[in-house]
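The following exercises practise the reading of a protein structure, from its overall composition down to single residues. Each task is followed by a solution in steps.

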Amino acid sequence: MRTKAFQQFLAQITKLTPTQRKQALDNIKKMDNTEIVEDVLNTTDHCHYCGSSNFIKWGLNSNIQRYKCKDCKKTFNVLTKTPMAHLRYKEKWNDFSKDLIDSKSVRDSATHCHISKNTSFRWRHRFLKIPADIKAKHLQGIVEFDETYFLKSEKGNHHLDRKPHKRGGWAKQGLSLKEYTPVLIARDRNGNTADFILEHSDDGSIAQVMLPILDYDVLLCSDSKSSYKSFANMFDFTHKYINASDGEHVVEGAYHIQNVNAYDSRLKRWMVRFHGVSTKYLENYLGWMRMLDRESDITSKDLLGHSVGRN
Ligand SMILES: [Zn+2]
């Protein structure tokens, strides 16, 4: 629009009724949303079938750029083979991403985006599926680790305030360890975080998830749980442990588990708002929290990018 025409357009705005003003604003917002989503949907750097970067543009389909891979000869778009494929109402995806950044409930997102509660629930897990896999692949230096526990549940995220002891289980609620899903959280001093839902709370299970991501010369810090000691011993890691039962929080100077404990507290506080997370989806919630922790200034566009597999 030319400057003069735009000035005239602005002058007209003052004549809008409140209802018209709202309609105009809604339309502008819709255009912004569409633009952001289309930006995400029209950029890719690899073939979604073979990973090759040797591809060419191959026309548009429903406003989404298609590509043809010159290596595997297949055609694809950004959504191909992602959990986001075939989801509808793309103009609402940007608002929905904002809601994920704001950690809104399924119900609040549904109201905000004018979608049903079922869609809101389904979208949440589609949007989070790929981000949930993004975790630190490499921890170095001082690595703190600890377990936290979630009640196994179709729907329920009741947390334990403290670690259940091997003997006696969780006496207060009469629940045994079997009824909890252990989650191991490991974090280095650069804030790189990885967490793992463990099959069992033992040294073997810990080794299975930790060995692939630990540098050989890391220094491990944890509490004095016997499985932690035996894991560190078994693989010759230097290990400083804290006797929490003695009220000891720091062994020597830098050797403490305050970072991992603080992360665990944030995770617990954050989870409370969902009033129940089923074990089946726990992985997605853990990944969601990691993403918010890792990228404190994440935008809805970044989040959409992650949802279609972009780092
Ligand atoms: Zn290909």
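**Exercise 1. A bridge between two strands**

Task: State which residue stands opposite V143 in β7, and describe how strand β4 and strand β7 pair.

Solution.
Step 1. The residue opposite V143 in β7 is L220. This is read from a predicted model.
Step 2. V143 falls within β4, which covers residues 142-151, while β7 covers residues 219-223.
Step 3. The two strands pair in the parallel sense, over three bridges.
Step 4. In general, the strands of a sheet pair through backbone hydrogen bonds, and the pairing is either parallel or antiparallel.

**Exercise 2. The protein as a whole**

Task: Give the number of helices and strands in the protein, its extent along the principal axes, and the share of its residues that is buried.

Solution.
Step 1. The count is 10 helices and eight strands.
Step 2. The C-alpha trace spans about 75 × 50 × 40 Å along the principal axes.
Step 3. Of the 311 residues, 29% are buried.
Step 4. Sequence separation can be added to this picture: among contacts with a separation of 6 or more, 60% are between residues 24 or more positions apart.

**Exercise 3. The sheet of five strands**

Task: Determine the strand order of the five-stranded sheet, and follow the pairing from β4 through β5 to β6.

Solution.
Step 1. The sheet is open, its order is β6-β5-β4-β7-β8, and its pairing is mixed.
Step 2. At the edges are β6 (193-197) and β8 (238-242), each of which pairs on one side only.
Step 3. Neighbouring strands of the sheet are turned against each other by 25 degrees on average, direction ignored.
Step 4. β4 and β5 run antiparallel and are joined by nine bridges. Within this pair, P182 in β5 is the residue opposite Y149.
Step 5. β5 and β6 also run antiparallel, joined by five bridges. Here R187 has T193 of β6 as its bridge partner.
Step 6. The hairpin of β5 and β6 has four residues between the strands, and G191 takes a positive phi near 85 degrees in it.
Step 7. Two helices lie across parts of the sheet. Helix α7 (residues 226-234) lies across β7 and β8, at about 165 degrees to β8. Helix α9 lies across β4, β5 and β6, at about 170 degrees to β6.

**Exercise 4. The sheet of three strands**

Task: Describe the order and pairing of the three-stranded sheet, and name the residue that is the bridge partner of K68 in β3.

Solution.
Step 1. This open sheet has the order β1-β2-β3 with antiparallel pairing.
Step 2. Its edge strands are β1 (55-61) and β3 (75-76), each pairing on one side only.
Step 3. Strand β2 (residues 64-69) pairs with β3 over two bridges. The partner of K68 in β3 is T75.

**Exercise 5. Nonpolar cores and burial**

Task: Which residues have the most contacts inside the largest nonpolar core, and is L219 buried or partly exposed?

Solution.
Step 1. The largest nonpolar core has 52 residues, and V143, F145, L184, I185 and A186 have the most contacts inside it.
Step 2. Helix α9 (residues 282-294) gives the most to this core, with six residues.
Step 3. Beyond its neighbours within four places in sequence, V143 is in contact with A186, D188, L214, V218 and L220.
Step 4. A second, separate core has five residues, among them C47, Y67, C69 and F76.
Step 5. In β5, eight of the nine residues are buried, so the strand is mostly covered.
Step 6. L219 has its place in strand β7. Since 20 or more other C-beta atoms within 10 Å are needed for a buried residue, and L219 has 19, L219 is partly exposed.
Step 7. Not counting residues up to four places away in sequence, L219 touches I142, T238 and K240.

**Exercise 6. Two helices in contact**

Task: How are helix α3 and helix α10 oriented towards each other, and which residues make the contact?

Solution.
Step 1. Helix α3 (residues 93-101) and helix α10 (residues 300-307) pack at an angle of about 100 degrees, and their axes are 8 Å apart.
Step 2. Because of this angle, α3 is roughly perpendicular to α10.
Step 3. From α3, the contact uses W93, N94, S97, K98, L100 and I101; from α10, S300, L303 and L304.
Step 4. These contact residues divide into five nonpolar, three polar and one charged.

How values were computed:
Residues are numbered from 1 along each chain as its sequence is written. This is a predicted model: local features need pLDDT of at least 70, side-chain atom pairs count only at pLDDT 80 or more; totals for chains, interfaces and linings use all residues. Axes are lines fitted to C-alpha atoms, for helices over the stretch in contact, and angles run from 0 to 180 degrees between N-to-C directions. Angles under 35 degrees count as roughly parallel, over 145 as roughly antiparallel, 65 to 115 as roughly perpendicular and the rest as oblique. Two residues are in contact if their C-beta atoms, placed from the backbone, lie within 7 Å. Ala, Val, Leu, Ile, Met, Phe, Trp, Tyr, Cys and Pro count as nonpolar, Asp, Glu, Lys and Arg as charged, and the others, Gly among them, as polar. Two strands pair if DSSP finds at least two bridges between them. A nonpolar core is a set of buried Ala, Val, Leu, Ile, Met, Phe, Trp, Tyr and Cys residues joined through C-beta atoms within 7 Å. A residue is buried if 20 or more other C-beta atoms lie within 10 Å of its own, exposed if 12 or fewer, and partly exposed in between; C-beta atoms are placed from the backbone.
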